[in-house]
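These are my notebook entries on one protein model, written down in the order in which I looked things up.

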Amino acid sequence: MSGHDHGDDDRKETCPDPVRPSPVRPNPVRPGVVKSVTSLANPTVKDIRSLQQRKYRRETGRFVAEGLKLVTDAVEANWPIEIFVHADKVGSQDAVARVAAKVKARGGLILQVSEAVLAKMTHRENPQMVIGVFRQKTLRLDDIHPARTTVWVALEGIKDPGNLGTVIRTVDSVGAAGVILVGDTVDPFSIETVRATMGSIFAVPIVRASVEEFLAWKESFPGPVVGTHLAGAVDYRTIPYPEPMILLMGNEQSGLLRPIAEACDHLVKIPMAGKADSLNLAVSTGIMLYEIRRERLVL
Ligand code: SAM
């Protein structure tokens, strides 16, 4: 167990490789059973608490999602769940009992805990009554079949978990193919990112790649790469967007790295009229995606 128990350290670490889950310690409780836990010192409680740290998420290949909606979305999407935790007082609710039954049937562990234990696990005074511990799933660039896809959103060096979660949710909303995280980025499985996706983390494929891998791979991609840039001279509303394609968005502070910007087939800009020097990354991704998918989205 690491000695760091406070918060998420997403912004300090880098995130280079696809996750290959590798449990570092055996689960202390046999799966497929229901356990009642009241001790704050229980090792599983400590393990779950440690998943707030990026280092521990990487080592274990696990992550936490909070709230009945997210956990239900995940279970219905057959996402691999290891532990389902709920407060004693909600155990008799139909929706909670249904999820618990599914998790148990799949061999997962069900923990019934006090609110004090939930608060300890989540670092929150008013915790959600339900949380799930899941296996991480990410893809490699080689897993992408371009001919069968629509638009992939490549995010270079994205650092803000709220932005990433919002982009994943928007990608889901417009029916885009998925998200490619390029270079050093925030962790898509941090609690803040997962929360901001509102469940779309369980629906949107996530690919991880280095800058070099991405640049090499995009050479054989059969569609255009459209970058967004404040120095772009082309109004984003004036070019066609044939699919498959890649939409490339830059880092919150510094925009797109020069070699990536130079590798784009088009660099477009969203016009701005006021005093702001740029738009928020997630907002500009949303504007682009709705333009790209305009003809394909119907009420
Ligand atoms: N200072 C940074 C720069 O000079 O690029 C600002 C980065 S901006 C906050 C983050 C990303 O959002 C940009 O890299 C770009 O992908 C996108 N973006 C923001 N405003 C945009 C605009 N008006 N047109 C096109 N893309 C924009």
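**Entry 1: the start of helix α1**

I began at helix α1, where N42 caps the N-terminal end, with a side-chain oxygen placed 2.8 Å from the backbone nitrogen of T44. I note here that I am working with a predicted model, and I keep that in mind for every entry below. Next I asked how many of the eight residues of α1 are buried. The helix, which runs over residues 43–50, turned out to be mostly covered, since six of its eight residues are buried. I wrote down their names as T44, V45, D47, I48, R49 and S50. T44 therefore appears twice in this entry, as the residue whose backbone nitrogen faces the cap and as one of the buried residues, which means that its relative accessible area is under 20%.

**Entry 2: the ligand and its shell**

I then turned to the ligand and asked which residues are the closest to it. I found that 18 residues surround the ligand, and that the closest are T228, G250, Q253, I270 and L279. Two of these have backbone contacts that I could look up: a backbone N or O atom of G250 lies 3.0 Å from an oxygen atom of the ligand, and a backbone N or O atom of L279 lies 3.0 Å from a nitrogen atom of the ligand. For S284 the contact comes from the side chain, where a polar atom lies 3.3 Å from an oxygen atom of the ligand. The ligand has 570 Å² of accessible area on its own, and the protein covers 86% of that area.

I also looked at where the shell comes from and what kinds of residue make it up. Strand β12 (266–269) and helix α10 (281–292) each supply at least two residues of the shell. By kind, the shell divides into eight nonpolar, eight polar and two charged residues. The space that the ligand takes is the largest pocket.

**Entry 3: N251 in its loop**

After the ligand I looked up N251, which lies in the loop between β11 (245–249) and α9 (258–262). Is N251 buried or exposed? N251 is buried because its relative accessible area is 12%, and the cut-off for buried is under 20%. Its side chain reaches the backbone nitrogen of Q253 at 2.7 Å, and Q253 is one of the closest residues to the ligand.

**Entry 4: H86 in strand β3**

My next stop was H86, found in strand β3, which covers residues 81–87. H86 counts as buried because its relative accessible area is 3%. I also compared positions in sequence and in space: H86 and L111 are 25 residues apart in sequence, while their C-alpha atoms are 6.4 Å apart.

**Entry 5: backbone details in the loops**

Last, I went through the backbone angles. A cis peptide bond joins E243 and P244, with omega at about 5°, and P244 is found in the loop between β10 (234–235) and β11.

I then asked which loop holds N78. It is the loop between α3 (68–76) and β3, and phi of N78 is near 60°, a positive value in a residue other than glycine. N78 is exposed because its relative accessible area is 53%, and exposed begins over 50%.

For H123, too, phi is near 60° and so positive in a residue other than glycine. H123 has its place in the loop between α5 (115–122) and β5 (130–135). With a relative accessible area of 29%, H123 is partly exposed.

Technical notes: Residues numbered from 1 in each chain as written. Predicted model: local features only at pLDDT ≥ 70, side-chain atom pairs only at ≥ 80, totals over all residues. Heavy atoms only, no water. Near = heavy atom within 4 Å. Polar contact = N/O pair within 3.5 Å; in protein donor to acceptor, adjacent residues only side chain to side chain. Areas by Shrake-Rupley, 256 points an atom, 1.4 Å probe, with all protein chains shown as cover. 1 Å grid on protein atoms, 1.4 Å probe; cavity = no way out; pocket = protein on both sides within 12 Å on 5 of 7 lines; lining within 4 Å. Sits in = over half its atoms within 2 Å of the grid points. Helix = DSSP H or I, 4+ residues; strand = E, 2+ residues; numbered from the N terminus. Nonpolar A, V, L, I, M, F, W, Y, C, P; charged D, E, K, R; others polar. Buried < 20%, exposed > 50% of the residue type's maximum accessible area, 1.4 Å probe, protein only.
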